[in-house]
Each structure stands twice: as C-alpha cells, then as structure tokens.
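Trainee: I should be grateful for a close look at a single part of this model. Please choose one helix and explain how it sits within the rest of the chain.

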Amino acid sequence: MSADDLRLIGIAWRLDRLRWVPTDVLTDVVTSDGVCMWPPPDDGLPDTGSDGELADRLCGGCPVRDECLELELRTAGVHTVGVWGGMTDDDRRALHPLWLRRGERTDRGTR
Ligand code: SF4
C-alpha cells in the first residue's frame, strides 16, 4: 500500500463524522461558509498553475473543506470535475471507492 493510498484512507475515515448529515444541510453550510462562495478580493484570485495548486491556495483556509468534499462525493461521485473540498478531481475519483465503503454509505444507496 502506497503513502497516497494511506492518505486517501485517512481522508475517508475523517469524513465518517459527516455521514449522517443530510445533504441539504451540507449544501447550506458550504454555500454560506465556503471561501469560494465569498466575493473575490479586489485584486482577484491568485494566478495558479495546476488544479493541485489551486486546491491548496483556494481551499487551504476554508472552514468547510470536509463538508464540501463530502457533498461533492455524494452528489457528483466519480463524475466529479474541478477543485472541490481541497482536492483535484483525480484525487476525489481515487478517494470515492474508499469513501463509499465507509460509514454505511453503500447501505444507504449513496452514489
Ligand atoms: S473547500 Fe474549496 S471548493 Fe469547497 S467551499 Fe471551500 S473553497 Fe470552495
């Protein structure tokens, strides 16, 4: 098992605390408190290169990062695109099967 596998498993475990939070509650929290939902600074968002760099810079200080990630995994699943929850879409697709196996999500029919 690679260090990246262990990192993703750790994230899936961390999201377990949100497994019973209703999706509409997560949506409200992310849209009201997510940093990217606020107006950008006067000088605009920082120039970034890769999606990974954007995830680090945009989401690094976001207070609802886990809620955003949980919401995106639920609603977009493996079809996720772009930066959400501090991760790139490639990272979220790799996380998805690990996340799905945790917290009784499969039994609940979560995508
Ligand atoms: S984690 Fe990133 S994408 Fe999600 S609400 Fe926060 S800033 Fe936006």
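Mentor: What follows is an account of the helix α4 and its surroundings. The model is a predicted one, and that should be kept in mind throughout.

The overall setting comes first. The chain contains six helices and zero strands, which follow one another in the pattern α-α-α-α-α-α. Of its 111 residues, 26% are buried. Among the contacts with a separation of 6 or more, 65% join residues 24 or more positions apart.

Against this background, α4 spans residues 65–75. Eight of its eleven residues are buried, so the helix is largely enclosed by the rest of the structure. A residue counts as buried here when 20 or more other C-beta atoms lie within 10 Å of its own. The buried residues of α4 are E67, C68, L69, E70, L71, E72, L73 and R74. The cover over these residues includes α1, α2 and α5. Just after the helix comes G77, with a positive phi near 55 degrees.

The nonpolar interior is the next matter. In soluble globular proteins, nonpolar side chains tend to be buried together. The largest nonpolar core in this model has 17 residues, and those touching the most other members are A12, V30, C68, L69, W84 and W99. At least two residues of this core come from each of α1 (3–15), α2 (23–33), α3, α4 and α5 (89–100). The greatest contribution is that of α4, with four residues.

L69 deserves separate attention, as one of the buried residues of α4. Which residues does L69 contact, leaving aside its neighbours within four places in sequence? They are L15, W84, G85, G86 and M87. Of these partners, W84 is also listed with L69 among the core residues that touch the most other members.

The helix also takes part in the surroundings of the ligand. Both α3 (51–59) and α4 supply at least two residues each to the shell around the ligand. That shell comprises ten nonpolar, three polar and one charged residues. Of the 14 residues around the ligand, the nearest are G34, C36, C59, C62 and C68. C68 thus has a place in two descriptions: it is among the residues nearest the ligand, and it is among the core residues with the most contacts to other members.

In summary, α4 is largely enclosed, gives the most residues to the largest nonpolar core, and supplies at least two residues to the shell around the ligand.

Definitions and conventions. Residues are numbered from 1 along each chain as its sequence is written. This is a predicted model: local features need pLDDT of at least 70, side-chain atom pairs count only at pLDDT 80 or more; totals for chains, interfaces and linings use all residues. A residue is near a molecule or strand if its C-beta atom, placed from the backbone, lies within 6 Å of it. Ala, Val, Leu, Ile, Met, Phe, Trp, Tyr, Cys and Pro count as nonpolar, Asp, Glu, Lys and Arg as charged, and the others, Gly among them, as polar. A nonpolar core is a set of buried Ala, Val, Leu, Ile, Met, Phe, Trp, Tyr and Cys residues joined through C-beta atoms within 7 Å. A residue is buried if 20 or more other C-beta atoms lie within 10 Å of its own, exposed if 12 or fewer, and partly exposed in between; C-beta atoms are placed from the backbone. Two residues are in contact if their C-beta atoms, placed from the backbone, lie within 7 Å.
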